[in-house]
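Me: I have a protein model in front of me and would like to go through it step by step. Please keep the answers short.

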Amino acid sequence: MNFVKEETTGLHSALYFHCDNCDKTVVLSSDHPSKQKDVNKSVVWGYLNTVQKAGKEKKQHAIDKVNLTVVDRKEIPYITVIVNGGWSKP
Ligand SMILES: [Zn+2]
């Protein structure tokens, strides 16, 4: 798959990828195709997808590092979160 182009409408993006082997083009949308004009929903959709993907990556990273704790006899991956780490220090 090769990236071909990005078409944007407001905050909505459509990413076009083409496969030279089967000559097919796939379009990845930042929103549901029938609701592309609702900018606010597009923003929320994109944000949630980003957060969900980041969460899955953090979960896999915790599993890879064997950062697991037991809750109700189930192993649950965990990460360390530094609260207020971005706050400037006086
Ligand atoms: Zn293909």
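Me: Which pattern of helices and strands does the protein follow along the sequence?
Reply: This is a predicted model. The protein contains 1 helix and 5 strands. Read along the sequence, their pattern is β-β-β-α-β-β.

Me: In what order do the 3 strands of the open sheet lie?
Reply: The pairing in this sheet is antiparallel. Its edge strands are β1 (2-9) and β3 (24-29), each of which pairs on one side only. Neighbouring strands are turned by 20° against each other on average, direction ignored. The order is β1-β2-β3.

Me: Which residue in β3 is the bridge partner of Leu15?
Reply: Strand β2 covers residues 12-19 and pairs with β3 in the antiparallel sense over 6 bridges. In β3, the bridge partner of Leu15 is Leu28.

Me: What radius of gyration does the protein have?
Reply: The C-alpha trace spans about 45 × 40 × 30 Å along its principal axes. Of the 90 residues, 3% count as buried. A compact globule of 90 residues would have a radius of gyration near 12 Å, but the value for this protein is 19 Å.

Me: Is Asn84 buried or exposed?
Reply: Asn84 is found in the segment after β5 (74-77). A residue counts as exposed if 12 or fewer other C-beta atoms lie within 10 Å of its own. Asn84 has 5 C-beta neighbours inside 10 Å, so Asn84 counts as exposed.

Me: What separates the C-alpha atoms of Asn84 and Phe17?
Reply: Along the chain, Asn84 and Phe17 are 67 residues apart. In space, their C-alpha atoms are separated by 40 Å.

Terms used
Residues are numbered from 1 along each chain as its sequence is written. This is a predicted model: local features need pLDDT of at least 70, side-chain atom pairs count only at pLDDT 80 or more; totals for chains, interfaces and linings use all residues. Helices (H or I, at least four residues) and strands (E, at least two) are DSSP runs, numbered from the N terminus. The radius of gyration is taken over C-alpha atoms; the globule rule is 2.2 Å times the number of residues to the power 0.38. A residue is buried if 20 or more other C-beta atoms lie within 10 Å of its own, exposed if 12 or fewer, and partly exposed in between; C-beta atoms are placed from the backbone. Two strands pair if DSSP finds at least two bridges between them. Axes are lines fitted to C-alpha atoms, for helices over the stretch in contact, and angles run from 0 to 180 degrees between N-to-C directions.
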